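Me: I would like a close look at one part of this model, namely a pair of packed helices, with their geometry and the residues that join them.

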Amino acid sequence: MEPRDYLRKKKVSLEQALSGYLAAEDSKVFAAMRYAVFSGGKRIRPLLLLTSGEYFGLREEILMPYACAIEFIHNYSLTHDDLPAMDNDDIRRGQPTCHKKFGEALALLAGDGLLTLAFEILSAAPWPVGGPRLKEEVCQDIARAAGAAGMVAGQWLDLSFAPRATDISAYLQLAQKKTAGLIRVSVTAGARLAGASLISIKALNSYGINFGLAWQLKDDLEDAGQDMPSTGCPRPNLARKLGAKKAKEQVNLWLSQAIEVLRKADINSRVLEHLARQLEFKDGK
Ligand code: GRG
């Protein structure tokens, strides 16, 4: 199957699974949670998880709860990131942000609900072939990537840095924690659950970090020039610091490193390669 068709098919089953987890309850908090999730996300993290897990031979039914949990964690982070105390955004995915639609209290609770639901799903998720210990390790890795030493720490670095004073290595630390960590754990979780070798996991780890940094820098490129929230404090933005041309070259470099590392480890996933190639700038555009 062509990578594009594979991803389309996976996205359909993913959307069904996500809505299954949010369908049962009829409360304002759940309405805000559904709004936060079903507003047109690209679902890159769960797609990476499903792709890497299936590449190494694990069935979709086993992988799906893990994929949904990571997507819920991601959507919680966006909902909280948009709040007035953080990025203070009115628009997300082309629509009013959750707090603009439901008010701050419900948006805060929707984020709390999504994060908690993610761990409820993980705790009930089936054991992979490698047994309970492997599941524990994967869940710990997800929790660490999302938690106070991972994405939460990255968010604080983002909020507290003086953007113009930020040097590139500090920015990279921020981007690894805020964005690349959850992407990295998405790629490796699927393969680990499938029992992939340590060499493969190391390669996927590196693919995930390179992919995640490229993802963040592409987002910076889109934001450059308009990244001025109403708090009056611009967020750290590497694209603005490097300039568009260099930033695009850097995105392409990270993506070629991501692809190269798969080749070296003999991971011949056309879908993982396609996902990285899709992000590349062709002819500097
Ligand atoms: C609130 C603890 C906490 C963390 C927030 C992820 C994050 C940390 C903030 C988002 C800020 C941001 C826009 C970062 C750029 C990269 C990024 C994560 C973009 C949004 O992710 P996509 O493109 O979004 O996967 P969709 O809408 O497709 O789900």
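At what angle do the axes of helix α10 (residues 198-223) and helix α12 (residues 244-264) cross, and within what distance do they come?

Reply: In this predicted model, the axes of α10 and α12 cross at roughly 160° and come within 8 Å. Angles over 145 degrees count as roughly antiparallel, and α10 and α12 are therefore roughly antiparallel to each other. The crossing in which α10 passes α12 is left-handed. On the α10 side, the contact is made by Ala 203, Ser 206, Tyr 207, Asn 210, Phe 211, Leu 213, Ala 214, Leu 217, Lys 218, Asp 220 and Leu 221, while α12 contributes Ala 244, Ala 247, Gln 250, Val 251, Trp 254, Leu 255, Gln 257, Ala 258, Val 261, Leu 262 and Lys 264. Sorted by class, the residues of this contact comprise 15 nonpolar, four polar and three charged ones.

Helix α10 also takes part in the surroundings of the ligand, since the elements that give two or more residues to the shell around the ligand are α4 (60-81), α8 (151-160), α9 and α10. That shell holds 17 residues, of which Gly 41, Lys 42, Ser 77, His 80 and Gln 155 are the closest; its largest share, five residues, comes from α4. By class, the shell around the ligand has five nonpolar, seven polar and five charged residues, whereas the contact of α10 with α12 has 15 nonpolar, four polar and three charged residues.

Methods. Residues are numbered from 1 along each chain as its sequence is written. This is a predicted model: local features need pLDDT of at least 70, side-chain atom pairs count only at pLDDT 80 or more; totals for chains, interfaces and linings use all residues. Axes are lines fitted to C-alpha atoms, for helices over the stretch in contact, and angles run from 0 to 180 degrees between N-to-C directions. Helices (H or I, at least four residues) and strands (E, at least two) are DSSP runs, numbered from the N terminus. Angles under 35 degrees count as roughly parallel, over 145 as roughly antiparallel, 65 to 115 as roughly perpendicular and the rest as oblique. A crossing is left-handed if the near helix is turned anticlockwise from the far one by less than a right angle, and right-handed if clockwise. Two residues are in contact if their C-beta atoms, placed from the backbone, lie within 7 Å. Ala, Val, Leu, Ile, Met, Phe, Trp, Tyr, Cys and Pro count as nonpolar, Asp, Glu, Lys and Arg as charged, and the others, Gly among them, as polar. A residue is near a molecule or strand if its C-beta atom, placed from the backbone, lies within 6 Å of it.
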